[in-house]
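I am opening a notebook on a structure I have not looked at before. I will write down what I looked up, in the order I looked.

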Amino acid sequence: MLGYLAEVDELLVQAGTAHALHLFVAGGAVIAAKTDSRLTGDVDVVSEGMTPQLRAAVEEVSQRHRGLRSDWLNDGAKLKRVNVPVEPERIFTGRRLIVDSVGDRYVLAMKLLSHRHVDEADCEMLIRSLGITSQAELLDLIEQANPAQDRSPAAAYFAADRLDNAYRSRRGLRRSDGGLSL
């Protein structure tokens with residue numbers, strides 16, 4: 001991911017982009033930036049800043065690398081923003097491209113609200129790294145992230161399961177399909 005961002009940065013320089021573009025990203029890219037064990041198919045931008053020059057550079061980089069999606073850097077996640085303060089963490093600094101994570105609490109809130117099976121391990125890792133130990137803390141985060149009238153009860157159940165599994169997996173036990181396994 002960082003190599004692709006560096007290529008985009010170089011293309012922006014070559015295109016004569018005058019000012020730095022500053023993006024905030026969320027999703028699996030934030031997790032991938034923190035650990036070698038996580039891969040992601042795309043980088044979810046949640047800020048403004050996807051200029052035509054940037055989109056062209058992203059497209060060119062995708063053409064250079066077989067299997068890289070043409071929208072590997074995209075702003076589709078802007079539609080899923082949450083009401084959690086951004087706690088920026090620098091992921092990449094180039095000459096014309098700067099990329100910050102929105103922070104772990106923001107990413108966790110987005111993933112809890114989407115309550116997708118593919119996000120389970122990410123949520124559990126974020127819960128541990130943030131030191132969240134109670135359902136009340138997770139429910140407060142969900143409440144802050146999204147007004148109650150728009151929130152699905154499934155998010156609360158998903159969060160409770162992620163909290164349970166986050167600390168079980170630490171002891172070598174992980175709940176799977178309703179049971180325990182070693």
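Surface. I looked up the exposed area first, and the protein exposes about 9700 Å². Carbon and sulfur atoms supply 50% of that area. I note here that the model is predicted. I then asked what share of the residues is buried. Buried residues make up 42% of the 182 residues in the protein.

Elements. I counted 7 helices and 7 strands in the protein. From the N terminus on, I wrote the order down as α-β-α-β-α-β-β-β-α-α-α-α-β-β. I also looked at how far apart in sequence the contacting residues are. Among contacts with a separation of 6 or more, 68% are between residues 24 or more positions apart.

Helix 4. I turned to helix 4, which spans residues 104–114. Is this helix mostly covered or mostly open? I found it mostly covered, with 8 of its 11 residues buried. The buried residues are D104, Y106, V107, L108, A109, M110, K111 and L112. Next I asked which elements these buried residues pack against. Among the helices, I listed helix 2 (28–34), helix 5 (120–130), helix 6 (135–145) and helix 7 (153–168). The strands on my list are strand 1 (21–26) and strand 4 (89–93).

Helix 4 with helix 7. I took one of these partners, helix 7, for a second look. Two packed helices are described by the angle between their axes and the distance between the axes. For helix 4 and helix 7 I noted an angle of about 120° and axes 7 Å apart. Because angles of 65 to 115 degrees count as roughly perpendicular and those over 145 as roughly antiparallel, the arrangement of helix 4 relative to helix 7 is oblique. From helix 4, the residues K111, L112 and L113 take part in the meeting. From helix 7, their partners are A155, F158, A159 and R162. Two of those partners gave me a further entry: R162 lies over the face of F158, at 4.9 Å from the ring centre.

After helix 4. I followed the chain past the end of helix 4 and stopped at H115, which sits in the loop between helix 4 and helix 5. What is the sign of phi at H115? Phi is positive, near 35°, in a residue other than glycine. H115 counts as partly exposed because its relative accessibility is 29%, and partly exposed runs between 20% and 50%.

Helix 5. I went on to E120, which is in helix 5. Its relative accessible area is 17%, so E120 is buried, the cut-off being under 20%. I looked for a residue distant in sequence and took N165. E120 and N165 are 45 residues apart in sequence, and their C-alpha atoms are 9.0 Å apart in space.

Strand 1 and strand 5. I picked one residue from each of these strands. H22 lies in strand 1, and S101 is in strand 5 (residues 97–101). Is each buried or partly exposed? S101 counts as buried because its relative accessibility is 2%. H22 has 35% relative accessibility, so H22 counts as partly exposed.

I then checked C-alpha distances. H22 and V99 are 77 residues apart along the chain, with their C-alpha atoms separated by 5.9 Å. S101 and L23 are 78 residues apart along the chain, and their C-alpha atoms are separated by 8.5 Å.

I listed contacts for both residues, leaving aside neighbours within four places in sequence. H22 is in contact with S47, E48, R90, I98 and D100. S101 is in contact with F24, V25, V30, E87, P88, E89 and I91.

Aromatic rings. Last, I asked how many aromatic pairs a search of the whole structure finds. The search finds 1. The pair is Y4 with W72, and it is tilted, at 5.6 Å centre to centre and 55° between the planes. Y4 is in helix 1 (residues 2–14), while W72 is in the loop between helix 3 (52–64) and strand 3 (73–74). The pair links distant parts of the chain, 68 residues apart. I compared the cover on the two rings' residues. W72 has 2% relative accessibility and so counts as buried, whereas Y4 counts as partly exposed because its value is 26%.

Definitions and conventions. Residues numbered from 1 in each chain as written. Predicted model: local features only at pLDDT ≥ 70, side-chain atom pairs only at ≥ 80, totals over all residues. Heavy atoms only, no water. Buried < 20%, exposed > 50% of the residue type's maximum accessible area, 1.4 Å probe, protein only. Helix = DSSP H or I, 4+ residues; strand = E, 2+ residues; numbered from the N terminus. Contact = heavy atoms within 4.5 Å. Areas by Shrake-Rupley, 256 points an atom, 1.4 Å probe, with all protein chains shown as cover. Phe/Tyr/Trp six-rings, centres within 6.5 Å; stacked < 30°, edge-to-face > 60°. Lys NZ or Arg CZ within 6 Å of the ring centre and 35° of its normal. Axes fitted to C-alpha atoms, helices over the stretch in contact; angles between N-to-C directions. Parallel < 35°, antiparallel > 145°, perpendicular 65-115°, else oblique.
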